[in-house]
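Hello,

Here is the structure I said I would pass on. Please have it open while you read the notes that follow.

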Amino acid sequence: MQQIHSFASGHWIAPDAIARPIYSAVTSAQIAQAGNALNTPAMLDFARNTGGPALRALTFHDRARRLKALALHLKAHKKPLYALSHTTGATHADSQIDIDGGITTMLVFASKGRRELPDAQVYLDGNIEQLSRNGSFMGQHICTPLLGAAVHINAYNFPVWGMLEKLAPTLLAGVPAIIKPATSTVHVAEAAFRIMVESGIFPEGAMQFIAGSSGDLLGHLGAQDTVAFTGSADTALMLRAAPNLLKNAVRFTAEQDSLNASILGPDATEGTPEFDLFITEAHREITTKAGQKCTAIRRILAPEALVAPVIEALTAKLEKTVIGDPAAPETTMGALVSEARRADVLARIKEIAKEATRVFGDDTPPMEKGAFMAPQLFHCTAPDSARAVHEVEAFGPVSTIMPYRDLPHAAALANRGGGSLVASVITHDPAVASQLAMDIAAHHGRLYFNDRDSMAESTGHGAPLPHLVHGGPGRAGGGEEMGGIRGVMHYMQRTAVQGSPRLLSAIGQTWLPGAPVTEAKKHPFRHHFEDLTLGESLLTDARKISLEDIEHFARFTGDTFYAHMDEEAAKANPFFPGRVAHGYLLLSFAAGLFVEPDPGPVLANTGLERLSFQQPVSPGDSLRARLTVMRKTKRNDDYGEVRWHVELSNQRGETVATYELLTMVARLPAHA
Ligand code: NAP
């Protein structure tokens, strides 16, 4: 029998007298045990004072690189996880969603971390706020990692994905995690955790693991700690109401029950690609993971006239379900996680059956042993007066089909879920999509539209993606995990900082306009990445702009807009005093003023952001550019990105345009 260990304060701890049994979903025999008394204050101390400082010493990019290494390490060592996953009732395809899906999620966070976060310890949120007339006092929002521990309490259904989708944004933020998976599948989570922690990729204290009960952990949490919970609404309610969490305003994110709906558009009649797509999606959501998916379609909404064809088509597909040994390749639906869970689902089905007729499936266990059950389809003819079909989550292969009269009725029924993780709409009609989006979006964390155009590449109603918000209002818990970098922000504090540009530049690790500059001793384009310093600046010579320049540019580019060509017409325009230079002429001349023509460390100009033309430039005006290093971001061993602030001014010293220029600059040969 497997002994599932906790990993606390850097040590593996075996199960003790309080251990609980873990059963195979396939044979119902005990296969493992987990649970031990833990010194939770010591674990929190280890996270806060060992893991936290070590993580915060790294930049977002350092942490993102380690996340990538961790995901690849897991990928290389994932094989044994599959056999364990089968013992939870998961088929090979279910296990792939859990194991490979979790690894991919981590890789996406690693990649987004390097692309969207700075190579620094501070994240700047939004633009500078000008708080004074002369710009000597300004405001900025920064996000820094919380100084506590992130407690992750996970549901049983995805022991690997559920762990990794929370761990990735937490580590990226620079916060240590204490992971408490659900006990019934903790043997899978522990095996994956062991691979990660033994890799040594993240510093000591970055992750700890509780097998079994979390004991008095929540009672010791403070304002810098967070709880991210996934599980049932009842448990969420009990935990989020814990006096200590309320007293200390501990951030509590909950992902809980959700009665997700899928709506068949009125246009998607039999014979359309959308009708078939709807059946495919609904069938997949009932059978994948034996319906134990928080995002599964619990309510199938179809136009009244299409209910019978939907039942017929879905039933025909469900009849082909192959239930059996999850490890066998021919099996299309495995078992529920335990007999106790099956009993729970059957009890909930009884409530649904009071309002709906079963049109597919029965209560007889399809296998002698284990927690297997047949898929179940119900038909509710009076969904307006029904309650259970909208409120009782049977966390298994169970779904109810119900009719709707028109789109407002479909929206009203979808919203009866009281808040859910995802709703899907299968339609090819943009008017249907847009009306339903307005009517139901506020009730759902994610809306999934699909039709003949996107079906070949679509990711599936039930697949939460790391790029997008996962969570939902109301019954779904009011939480929001993932969502790209939004998910990282749950583990950081947003703080408004006020001060002079010089001080804010130092705090934000980014030079800000108005802060002092250092005049470059040699052309900054001759410097390698390492030799450039924030605030290093070049003021170019001035160049006079003539009418001939403007006309030449107009002819050469074909941009003969009247403001450049026709004095009378230009004068009549409220923005111009007469003929003016093209904005793009200014940019081109600026490049001519600051460029360093010979081959050198600047490898490429990769973009230009935040361009703003602030004053017209007339023939006879002169132009000069100031180029200042704002921010540096290492990209690889060969080069890094340098963000330059560019200010173009006229002969009166007035700013005519500003923008941020991105270049790739070679690193010193020692780094190559
Ligand atoms: P659960 O019974 O509520 O358990 C969830 C987690 O809470 C488990 O880790 C459980 O640990 C832990 N827990 C229970 N009592 C606790 C306590 N007093 N202190 C600390 N932790 C405690 O839910 P589940 O059966 O694992 O999952 C099924 C439910 O999760 C379904 O309702 C489903 O809708 C929901 N779910 C939601 C999402 C989502 O993203 N929204 C995803 C998956 C599942 P033990 O196992 O040790 O009791």
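The ligand sits in the largest pocket. Please keep in mind that the model is predicted.

**The ligand and its surroundings**

Which elements give two or more residues to the shell around the ligand? They are strand β11, residues 226-230, and helix α7, residues 233-240. Helix α7 supplies the largest share of that shell, with 3 residues.

In total, 27 residues surround the ligand. The closest are Asn154, Thr183, Ser232, Thr235 and Arg341. You may want to select these in the viewer before going on to the individual atom pairs.

Three polar pairs are listed here, and they involve both backbone and side-chain atoms of the protein. An oxygen atom of the ligand has a backbone N or O atom of asparagine 154 at 2.7 Å. A polar backbone atom of glutamine 256 lies 3.1 Å from a nitrogen atom of the ligand. With histidine 470, the side chain takes part: one of its N or O atoms is 3.0 Å from an oxygen atom of the ligand. How much of the ligand does the protein bury? Taken alone, the ligand exposes 910 Å², and the protein buries 84% of that.

**The chain as a whole**

The chain has 672 residues, and buried residues make up 55% of them. Its secondary structure consists of 20 helices and 29 strands, with loops elsewhere. Along the principal axes, the C-alpha atoms fill a box of roughly 90 × 60 × 45 Å. The surface that the chain exposes comes to about 27,400 Å², and carbon and sulfur atoms supply 54% of it.

Contacts can also be sorted by how far apart the partners are in sequence. Among contacts between residues at least 6 apart, 73% join residues at least 24 apart.

**Three residues to look up**

The first to look up is serine 24, in the loop between β4 (20-23) and β5 (30-34). Is serine 24 buried or exposed? Its relative accessible area is 7%, so serine 24 counts as buried, the cut-off being under 20%. A polar atom of the serine 24 side chain lies 3.0 Å from the backbone nitrogen of threonine 27. Leaving out residues up to four places away in sequence, serine 24 touches Ala29, Ile31 and Thr87.

Next is arginine 543, which belongs to strand β25, residues 543-544. Arginine 543 has a relative accessibility of 33% and therefore counts as partly exposed, since this falls between the 20% and 50% limits. Which residues does arginine 543 touch, not counting those up to four places away in sequence? They are Asp549, Phe589, Leu593, Asp621, Ser622 and Leu623. Leucine 147 is 396 residues away from arginine 543 along the chain, and their C-alpha atoms are separated by 52 Å.

Last is threonine 533, in the loop between β23 (518-519) and β24 (536-539). Threonine 533 is partly exposed, with a relative accessible area of 42%. From threonine 533 to aspartate 439 is 94 residues in sequence, and the C-alpha atoms of the two are 52 Å apart in space.

Regards

Notes:
Residues are numbered from 1 along each chain as its sequence is written. This is a predicted model: local features need pLDDT of at least 70, side-chain atom pairs count only at pLDDT 80 or more; totals for chains, interfaces and linings use all residues. Side-chain values use heavy atoms; hydrogens and water are left out. Helices (H or I, at least four residues) and strands (E, at least two) are DSSP runs, numbered from the N terminus. Buried means under 20% relative accessible area, exposed over 50%, partly exposed in between (1.4 Å probe, protein chains only). A polar contact is a pair of N or O atoms within 3.5 Å; within protein, one must be able to donate a hydrogen and the other to accept it, and residues adjacent in sequence count only if both atoms are side-chain atoms. Contact means heavy atoms within 4.5 Å. A residue is near a molecule or strand if one of its heavy atoms lies within 4 Å of it. Accessible areas come from the Shrake-Rupley method with a 1.4 Å probe; for residues, only the protein chains shown count as cover. On a 1 Å grid over the protein atoms alone, a cavity is a set of points where a 1.4 Å probe fits but cannot get out, and a pocket is an open set with protein on both sides within 12 Å along at least five of seven lines; lining residues have an atom within 4 Å of a point. A molecule sits in a cavity or pocket if more than half of its atoms lie within 2 Å of its grid points.
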